Number of protein chains: 2
Amino acid sequence: MTDALRTDMYQLTMMQAYWHSGHNPEATFDYFIRKTPAGSYLLTAGLTYLLDYIENLRFGEDDIEYLVTQGFNSDFLNSLRDFRFTGDILAIPEGNIVFPLEPIVRVTAPIIEAQLVETYLLNRMNFSTLIATKASRTVYAARGRAISEFGLRRAQGNAHLEATRATFIGGCTSTSNVLAGKELGIPISGTMAHSFVTSFEHEIDSFRAYADTFPKNCFLLIDTYDTVEGAKKAAVVGKELEQKGEKLMGVRLDSGDLCGLSKQVRKLLDDAGLPYVKIVASGDLNEWKIDEHMRNGAKIDFFGVGTELVTGRPTPALDGIYKLSDIVENGVHVPKMKLSEEALKTTLPGKKLVWRIFENGTFKKDIISLDDEEIEGAEPLLEPVVKHGRVVCDRLALPEIRNRTHENLSKLPDKYRKLDDAPVYPVEFSPGLKALKKKMVEKIKHEEIGLY
Amino acid sequence: MTDALRTDMYQLTMMQAYWHSGHNPEATFDYFIRKTPAGSYLLTAGLTYLLDYIENLRFGEDDIEYLVTQGFNSDFLNSLRDFRFTGDILAIPEGNIVFPLEPIVRVTAPIIEAQLVETYLLNRMNFSTLIATKASRTVYAARGRAISEFGLRRAQGNAHLEATRATFIGGCTSTSNVLAGKELGIPISGTMAHSFVTSFEHEIDSFRAYADTFPKNCFLLIDTYDTVEGAKKAAVVGKELEQKGEKLMGVRLDSGDLCGLSKQVRKLLDDAGLPYVKIVASGDLNEWKIDEHMRNGAKIDFFGVGTELVTGRPTPALDGIYKLSDIVENGVHVPKMKLSEEALKTTLPGKKLVWRIFENGTFKKDIISLDDEEIEGAEPLLEPVVKHGRVVCDRLALPEIRNRTHENLSKLPDKYRKLDDAPVYPVEFSPGLKALKKKMVEKIKHEEIGLY
């Protein structure tokens, strides 16, 4: 199965219409995100999938056969047998901080090729960027406490692996997802469920069985019947482990008032002479709840976060789009834009670049410019990743991408990391872009809407 | 790659602990959903994935090798080489209406086997049921207008195919996702994007090029610059098509006040002598917005729905869980339950069945009973789907499942279909279940919490 048909039907109908009309100019499209789901910034992720796709993009015989049944022109379908992506792509690599409206990927290719890749790009990059961003916010809220991702059971089906990858890029330290451990090398963690406890005659039997199996890595789930009573039994088993020269690693709370219970359990464990036993908390957590627990002095050493982290709840999709900005007609660049009554749906015309200005080693502001403008004292953010259809950039290992996230976030002034009511980070348009946008709006109003 | 490691780490640690303790009794687990994301009911979907998984569940050599690196006991890992699922499963098939707390799947197997399958079951069935339910609500809101699913670009990455499948089960008529057309046989649809329009010098050039390519199936996107001006140009192209003996199929609105614009565009097309041209609307739609448009008399013939439909926004995950209800110890059934301060987190003990009582051909109420109770005049909903590890039920084709949805929804009294404030459908506990639950709560309080 190739990925060529992992696209919207309209890409293929448009491709046939471009082909039929002999209208296949070089076109440039920008991938950008109109607004953040929460907070001021976005953490980029998912480019790796696009690069794999671009290099392997082919229509298989079975794809063509299926399209025949859908009424496409047979000469057009024949042309797809030799389809390759031959264009150039600039991108802001994974693990970078970006802001709304900034082109994250810029695709330049014959329009038939550039059009096809839209859907796949949006499908993969929107989701990974959504989850990486969410993860970075969750990690921030935990103020140095580790976050383990527990979301596989609530992940959207087959999205689970890319969700886990994005949470790791965003700063989570481990996952419950064993396949992500095997396939992506992410550290895995996990202990026991309520069913383990209830499967034994008494709760303490289950604790003893687990401690006997994993004397060196024993975490006990203590809320199956009553959290405080469970903690007392865990303390008994902790003392039994000490007699064998081992140490109970931790207990997990999974329901109830996690903050209040953590304080009760901490005191109970300390009073029992078990100050080294860690407390893990899980159960419908998100960045806001973790922030509240930390502000209230919760005695929690690690957090396990599932549903909201891997689905992006309450905003499970990014408002990321892919818009035509430039066409080459008879060797001349013709800027393009979409107009809309909804201001946010009006796009930025022309081939563009993104620049960042630093102050004392931290991000000060970004500038979106036209391709031929140079912004002095600023760093360009878009890098060449594909040339003539071949990937030309380094493919970093996952831990390196995660390090880049950490490095970038350390340069983002703290005020922009606030969970709510963060100020808007300044993203300016260059003089050239401002002038072009104004000219284009006038031209479209004149030629297409007849307002003059 | 096998799916055996598509599980939570704690399933494997618990399996080793069961193995190490020689504690591998026959166990029964229930999959059920604690509450609906919205509305009164849930539409089941996703069982097909579980059945495929059960039949093919094996640990590959590469899986074992990976687990060796994670510190598992080598004898335990050796035992996984011969791992097969050998148990029995009852389930309520896809395309059925169920309600909170009702067991949708009941797994009975040695606990080592029944424990492993939890994560995969939850991962696949939670998501498909979420989306099928959402789709059925969206279809209901459209009052007979067709809904096409346009969500691929906003779907959570690799979740796209199962999302599209679930929307079809829920009553959508087509999808933009070409791969879903090829792999699942779902009808596909699609026309043009804004980039097609902007790639031409003038909007009307793009309309003419498209009409020339697809004279028999031409839908024109009219909001690239200004919807009403776009409609005027579409009318021009519609008249040109008439001169060639063809008919413009439709126009699409994708932004702005869809209801108001649909009325303006309808009038404009009618006045131009094009009353047959259909109006398609898309753009951030959901069941509530569609309902509002229909109540306000929108002149919309089809809806295209993307983001919210395929992600379940604003509730992108179901609160579905898998809980131990029974263990066989020395040949005797020992019911099991989890207690919690949070009432919804307390589970129902014992092996159970689900029954439905009809009145005048419509659903009147459901009853959850113990396995050995017979509810007179009621239909049992759980069917045997796996026996001794082999799938024993018919595997219906997708259109048949979709028909079953339709048939079931036609038997659900309309008041339960309300988008908001639907009454709670009556789900009662049988006398036997009520008595067992009471007895178990007393027992646990006495033995585990020491309240007596």
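Begin by selecting domain 1 and domain 2 of chain A in this predicted model, and look at the separation between them: their C-alpha centres lie 40 Å apart. To colour them, use residues 9–132 together with 323–449 for domain 1 of chain A, and residues 138–311 for domain 2 of chain A.

Next, select the place where these two domains touch, a contact that takes 15 residues from domain 1 of chain A and 18 residues from domain 2 of chain A. On the side of domain 1 of chain A, the elements that give two or more residues are α5 (111–141) and α14 (398–410) of chain A, and α14(A) gives the most, with five residues. If you colour this side by residue class, you will find eight nonpolar, four polar and three charged residues.

Now move to the strands of chain A and select β6, residues 146–149, together with β11, residues 302–305, which pair in the parallel sense over four bridges. One place to look is A:A146, whose bridge partner in β11(A) is A:F302. Strand β6(A) is also joined to strand β7 of chain A, residues 174–175, by two bridges, and these two strands run parallel as well. Here, select A:E149, whose bridge partner in β7(A) is A:T175.

Then bring chain B into view and ask how many residues each chain gives to the contact between chain A and chain B. The contact takes 88 residues from chain A and 88 residues from chain B. On the side of chain A that touches chain B, the largest share, nine residues, comes from helix α1 (residues 9–21) of chain A, and the residues of that side divide into 34 nonpolar, 33 polar and 21 charged.

With both chains still displayed, consider how they are related: chain A can be laid on chain B with an RMSD of 0.0 Å by a turn of 180° and a shift of 0.0 Å along the axis. That is the relation of a two-fold axis. Since 100% of the interface residues of chain A are also interface residues in chain B, the copies meet through the same surface.

For the last stop, select the largest nonpolar core, which has 268 residues, and find A:L220 and B:L220, the residues with the most contacts inside that core. Which residues is B:L220 in contact with, leaving aside its neighbours within four places in sequence? Centre the view on B:L220 and select B:F207, B:Y210, B:A234, B:V237 and B:V251, which are its contacts once those sequence neighbours are set aside.

Definitions and conventions:
Residues are numbered from 1 along each chain as its sequence is written. Chains are lettered from A and ligands numbered from 1 in the order in which they are written. This is a predicted model: local features need pLDDT of at least 70, side-chain atom pairs count only at pLDDT 80 or more; totals for chains, interfaces and linings use all residues. Two residues are in contact if their C-beta atoms, placed from the backbone, lie within 7 Å. Ala, Val, Leu, Ile, Met, Phe, Trp, Tyr, Cys and Pro count as nonpolar, Asp, Glu, Lys and Arg as charged, and the others, Gly among them, as polar. A nonpolar core is a set of buried Ala, Val, Leu, Ile, Met, Phe, Trp, Tyr and Cys residues joined through C-beta atoms within 7 Å. A residue is buried if 20 or more other C-beta atoms lie within 10 Å of its own, exposed if 12 or fewer, and partly exposed in between; C-beta atoms are placed from the backbone. Copies are superposed by least squares on the C-alpha atoms of residues with pLDDT of at least 70 in both. Domain bounds come from an automatic or database domain assignment. Two strands pair if DSSP finds at least two bridges between them.
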